[in-house]
Amino acid sequence: MIPFFLFFYLSGEIAVYSILFGSLLFHELGHLFAAKLIGVKVNSCTILPYGGEIKMEQFSKKTKTDQLLVILFGPLFTFLLLVFFSLFDLPQKNIMVVTQLIIFCFNLLPVYPLDGGRALLLFIPDKYVEVIGFSLFFSLFIFYVSLYYFPKALSVTIVFLFLALQNYSYWRFRKYKLAFDYVTKNT
């Protein structure tokens with residue numbers, strides 16, 4: 001989040017950063033709320049450039065319905081915030097509505113580790129390698145497209161570079177993850 005903070009601070013858009021950060025926290029609160037509903041112990045919640053990452057104990061052993069509930073509650077909370085900001089006349093209303101809309105749509109992209117990618121992987125768990133490959137390709141594609149609009153699209157460039165690097169890491173360790181999943185499912 002530091003590059004975003006510096007970008008918004010230097011550009012004089014600290015209010016936008018505050019709205020974005022608060023929106024991401026509220027989105028993650030949705031995931032945490034759903035995790036509590038289904039009885040999952042949360043180990044940590046970290047805010048990253050593309051959103052948040054929550055570590056939960058034994059999450060993969062929950063039913064697909066429970067997992068989907070946790071995955072979709074983040075976008076649901078974002079959507080509720082979008083509706084709230086749309087209904088009331090608040091200062092900076094347009095920025096708040098646009099921010100919620102961007103976070104909502106962005107999180108539903110079928111790119112791992114975003115919520116859309118996690119939901120996709122939930123429905124086709126045996127296609128992990130393909131989902132990670134697609135996510136890596138898509139992240140790199142958007143990263144390269146955003147370079148054309150640089151520096152106006154700096155935040156997009158940073159987010160998709162981060163996603164591409166993270167998916168490259170997943171790609172490099174895919175065999176180990178598949179082996180680990182195989183061992184843990186058979187024990």
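Trainee: Is Pro125 buried, partly exposed or exposed, and how does one decide?

Mentor: One compares the relative accessible area with two cut-offs, since buried means under 20% and exposed means over 50%, with partly exposed in between. In this predicted model, Pro125 has a relative accessible area of 40%, and therefore counts as partly exposed. Pro125 belongs to the loop between α5 and α6, and its C-alpha atom lies 12 Å from that of Tyr112, a residue 13 places away in sequence.

Trainee: Which class do Ile47, Tyr168 and Ser139 fall into?

Mentor: Ile47, in strand β1 (residues 42–48), is partly exposed because its relative accessible area is 21%. Tyr168, which sits in helix α7 (residues 154–172), has 44% relative accessibility and so is partly exposed. Ser139, a residue of helix α6 (residues 128–148), has 0% relative accessibility and is therefore buried.

Trainee: What does Ser139 touch, if neighbours up to four places away in sequence are not counted?

Mentor: With those neighbours set aside, Ser139 touches Val111, Phe160, Leu163, Ala164 and Asn167.

Trainee: How far apart in space are the C-alpha atoms of Tyr168 and Phe137, and those of Ile47 and Glu28?

Mentor: Tyr168 and Phe137 are 31 residues apart along the chain, and their C-alpha atoms are separated by 9.5 Å. Ile47 and Glu28 are 19 residues apart in sequence, with 8.6 Å between their C-alpha atoms.

Trainee: How should I read a helix such as α3?

Mentor: The general idea is that an α-helix has 3.6 residues a turn, so residues three or four places apart point the same way. Helix α3 covers residues 64–87, and at 1.5 Å a residue its 24 residues should span 34 Å; its end C-alpha atoms are 34 Å apart, so the two values agree. Among the buried residues of α3 are Gln67, Val70, Ile71, Gly74, Thr78, Leu81, Leu82 and Phe85.

Trainee: Where in α3 does the kink lie?

Mentor: The kink, of about 35°, is at Phe73, shortly before the proline Pro75. Both Phe73 and Pro75 are buried.

Trainee: What span should α4 have, and what is the distance between its end C-alpha atoms?

Mentor: The 15 residues of α4 should span 21 Å at 1.5 Å a residue, and the end C-alpha atoms are 21 Å apart, so here too there is agreement. The buried residues of α4 are Met96, Val97, Thr99, Gln100, Ile103, Phe106 and Asn107.

Trainee: Which residues is Phe104 in contact with, leaving aside those within four places in sequence?

Mentor: Phe104, a residue of helix α4 (residues 93–107), is in contact with Pro75, Thr78 and Phe79. At 22% relative accessibility, Phe104 counts as partly exposed. The C-alpha atoms of Phe104 and Asp115 are 9.7 Å apart, although eleven residues separate the two along the chain.

Trainee: What can the backbone angles tell me about the loops?

Mentor: One can look for a positive phi in a residue other than glycine, and Gln58 is such a case, with a phi of about 55°. Gln58 is in the loop between β2 and α3. Gln92 also has a positive phi, near 65°, and is placed in the loop between α3 and α4. Because its relative accessible area is 45%, Gln92 is partly exposed.

Trainee: Which two residues does the cis peptide bond join?

Mentor: The cis peptide bond joins Tyr112 and Pro113, with omega at about 10°. Pro113 is found in the loop between α4 and α5.

Trainee: How does one find a pocket, and how much space lies in the largest one?

Mentor: Rolling a probe the size of a water molecule over the atoms shows where empty space is left. Here the largest pocket holds about 1500 Å³ of space. Its lining has 39 residues, of which Phe59, Ser60, Tyr112, Arg118 and Lys177 are the closest to the centre.

Trainee: Which element gives the most to that lining, and with how many residues?

Mentor: Helix α8 gives the most, with seven residues. At least two lining residues each come from α2 (14–38), β2 (51–56), α3, α5 (115–123) and α8 (174–185). By class, the lining has 17 nonpolar, ten polar and twelve charged residues.

Key
Residues numbered from 1 in each chain as written. Predicted model: local features only at pLDDT ≥ 70, side-chain atom pairs only at ≥ 80, totals over all residues. Heavy atoms only, no water. Helix = DSSP H or I, 4+ residues; strand = E, 2+ residues; numbered from the N terminus. Expected span 1.5 Å × (residues − 1). Bend = angle between axes of the 7 residues up to and from the residue. Buried < 20%, exposed > 50% of the residue type's maximum accessible area, 1.4 Å probe, protein only. 1 Å grid on protein atoms, 1.4 Å probe; cavity = no way out; pocket = protein on both sides within 12 Å on 5 of 7 lines; lining within 4 Å. Points joined across faces, edges and corners; volume = space filled by probe spheres on them. Nonpolar A, V, L, I, M, F, W, Y, C, P; charged D, E, K, R; others polar. Contact = heavy atoms within 4.5 Å.
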